[in-house]
Amino acid sequence: MENFNCFILAFFVALSFSGMDVGLAARHLLQLSPLPSVPNLPTPVLPPMPASPTLPQPTLPTLPTVQTSLPPLPSLPIVPTIPMVTLPPLPSIPLIPTIPTIIPSIPFLSPPPGN
């Protein structure tokens, strides 16, 4: 277990030193003088795209029409009305007896009379 603790300590020490190097490198980059600007390079000129050819439009044949006479649909049957059902009243729920919350006082004996 001791070796594992030493390994963790060494890892954190190495990690902290690596962070200092990164911080110093960032400071050096910020302190650099501005770099010379890159001259504008000529942009290449692309040739124009050729025009797309027009495709011939095919003539579509017309769909044949079917002349069939269908018999008329039968009328829907009439749904009979259902009589309303009245339910008997629900039985009454018996009352739960209540527990008295007042505690009756206990009569104490009076002390004997003193002489």
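Reader: Why is Pro97 called exposed?

Author: Good place to start, and please keep in mind that this is a predicted model. Pro97 has a relative accessible area of 70%, and the term exposed applies over 50%, so Pro97 earns the label. As for its place in the chain, Pro97 is found in the segment after H1.

Reader: How far apart in space are Pro97 and Val66?

Author: Their C-alpha atoms are 84 Å apart, with the two positions 31 residues apart in sequence numbering.

Reader: What makes Ala51 count as exposed?

Author: The reasoning runs as before. Relative accessibility is 73% for Ala51, the cut-off is over 50%, and therefore Ala51 counts as exposed. Ala51 also sits in the segment after helix H1, the helix that spans residues 2-30. From Ala51 to Pro77 you step 26 residues along the sequence, and the C-alpha to C-alpha distance is 67 Å.

Reader: And Ile82, why does that residue count as exposed?

Author: Ile82 reaches 72% relative accessibility; exposed begins over 50%, so the word fits Ile82. Ile82 belongs to the segment after H1. Between Ile82 and Leu109 there are 78 Å from C-alpha to C-alpha, for a separation of 27 residues along the chain.

Reader: Let me ask about Leu41 too: on what grounds does Leu41 count as exposed?

Author: With 68% relative accessibility for Leu41 and a threshold of over 50%, Leu41 is exposed because its value passes that threshold. Leu41 is placed in the segment after H1. Its C-alpha atom is separated by 79 Å from that of Ser69, 28 residues away along the chain.

Reader: What share of the 115 residues in the protein chain do buried residues make up?

Author: The share is 0%, where buried would require a relative accessible area under 20%. The protein chain exposes about 13500 Å², and 74% of that comes from carbon and sulfur atoms.

Reader: How do you know how the protein chain compares with a compact globule of 115 residues?

Author: Set the two radii of gyration side by side: the globule would come near 13 Å, whereas the protein chain has 52 Å. Taken along the principal axes, the box filled by the C-alpha atoms is roughly 130 × 95 × 35 Å.

Reader: What does the secondary structure of the protein chain come to?

Author: One helix and zero strands.

Reader: Which residues make the nonpolar surface patch?

Author: Phe7, Ile8, Phe11, Phe12 and Leu15 form the patch, with an area of about 520 Å². One of these residues, Phe12, is found in helix H1.

Definitions and conventions:
Residues numbered from 1 in each chain as written. Predicted model: local features only at pLDDT ≥ 70, side-chain atom pairs only at ≥ 80, totals over all residues. Heavy atoms only, no water. Helix = DSSP H or I, 4+ residues; strand = E, 2+ residues; numbered from the N terminus. Buried < 20%, exposed > 50% of the residue type's maximum accessible area, 1.4 Å probe, protein only. Rg over C-alpha atoms; globule rule 2.2 N^0.38 Å. Areas by Shrake-Rupley, 256 points an atom, 1.4 Å probe, with all protein chains shown as cover. Patch = residues over 30% accessible without salt bridge, like charges linked within 9 Å, V, L, I, M, F, W, Y side chains within 5 Å. Salt bridge = Lys/Arg side-chain N within 4 Å of Asp/Glu carboxyl O.
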